[in-house]
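Welcome! Please take a moment with the sequence and the model below, and then we can walk through some parts of it together.

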Amino acid sequence: MNIIDRYLQDNQVKAKKFQLLGVTAMLIASKYQDVAPPELKDFNYMTDQAYTDDHVRKMEYKVLSSLEFDLNFPTINTFLERNFEAFQGADGPTRQFCRYLMDCSFLSIETKRYLPSVIAISALLVTCRSF
């Protein structure tokens, strides 16, 4: 989602190309995060062959160029792990409940206005008060 959001800040995409952007963002994210990312043909299958490999490669270049090849951005998990390091009393159940609260925040549109760092520390504070 971050890749799509950052791309759309500076670029317009026609409605019929939005699926291509989504598939391309998933491809980029999987290359960045996964040890064994899916192949390009898998993403073409997801779109029912609506786009060729060449379409996806060209869009990948556009997206990466627009983002200046900067894919490193902090996520909620990044902040949560730092908070766990600072708060040494976070045992297994505390960590699990914290992650559960953060997962619940993804389901609510109201939480989108808060920074990932705020959501992470809020989940930790609520969890610590619960245990």
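## A residue in helix 7

Ile119 has a relative accessible area of 13%, so Ile119 counts as buried; here buried means under 20% relative accessible area, exposed means over 50%, and partly exposed is in between (1.4 Å probe, protein chains only). This is a predicted model, in which local features need pLDDT of at least 70 and side-chain atom pairs count only at pLDDT 80 or more, while totals for chains, interfaces and linings use all residues. Residues are numbered from 1 along each chain as its sequence is written, and side-chain values use heavy atoms, with hydrogens and water left out.

You will find Ile119 in helix 7; helices are DSSP runs (H or I, at least four residues), numbered from the N terminus. Leaving aside neighbours within four places in sequence, Ile119 is in contact (heavy atoms within 4.5 Å) with Ile76, Met102, Ser105, Thr111 and Tyr114. One of these partners, Met102, is 17 residues from Ile119 along the chain, and their C-alpha atoms are separated by 7.0 Å.

## Helix 2 and its surroundings

Helix 2 covers residues 18-33, and its end C-alpha atoms are 22 Å apart. That agrees with the expected span, because 16 residues at 1.5 Å a residue should give 22 Å, where the span is 1.5 Å times one less than the number of residues. Its buried residues are Leu20, Leu21, Gly22, Val23, Thr24, Ala25, Leu27, Ile28 and Ser30. Which helices help to cover them? Among the covering elements are helix 1 (2-10), helix 3 (40-46) and helix 4 (53-66).

Thr24 is a good residue to look at in helix 2. Its relative accessible area is 0%, so Thr24 is buried. A polar atom of the Thr24 side chain lies 2.7 Å from the backbone oxygen of Leu20. Setting aside neighbours within four places in sequence, Thr24 also touches Val56, Met59, Glu60 and Val63.

Further along, Pro38 sits in the loop between helix 2 and helix 3. Pro38 has 32% relative accessibility and therefore counts as partly exposed. Not counting residues up to four places away in sequence, Pro38 is in contact with Leu27, Ser30 and Phe43. Between Pro38 and Asp70 there are 21 Å in space, C-alpha to C-alpha, and the two are 32 residues apart in sequence.

## Two pockets

A pocket is found on a 1 Å grid over the protein atoms alone, as an open set of points where a 1.4 Å probe fits, with protein on both sides within 12 Å along at least five of seven lines; lining residues have an atom within 4 Å of a point. The volume is the space filled by probe spheres set on the points, with grid points joined across faces, edges and corners. For the linings, Ala, Val, Leu, Ile, Met, Phe, Trp, Tyr, Cys and Pro count as nonpolar, Asp, Glu, Lys and Arg as charged, and the others, Gly among them, as polar.

| Pocket | Volume | Lining residues by class |
|---|---|---|
| Largest pocket | about 690 Å³ | ten nonpolar, six polar, three charged |
| Second largest pocket | about 160 Å³ | ten nonpolar, two polar, no charged |

Of the 19 residues that line the largest pocket, Met1, Asn2, Ile76, Phe106 and Pro116 are the closest to its centre. Helix 1 gives the largest share of this pocket's lining, four residues.

The lining of the second largest pocket includes Met1, Asn2, Ala25, Ile28, Leu71 and Phe73. Here the largest share, six residues, comes from helix 2.

Note on methods. Helices (H or I, at least four residues) and strands (E, at least two) are DSSP runs, numbered from the N terminus. A polar contact is a pair of N or O atoms within 3.5 Å; within protein, one must be able to donate a hydrogen and the other to accept it, and residues adjacent in sequence count only if both atoms are side-chain atoms.
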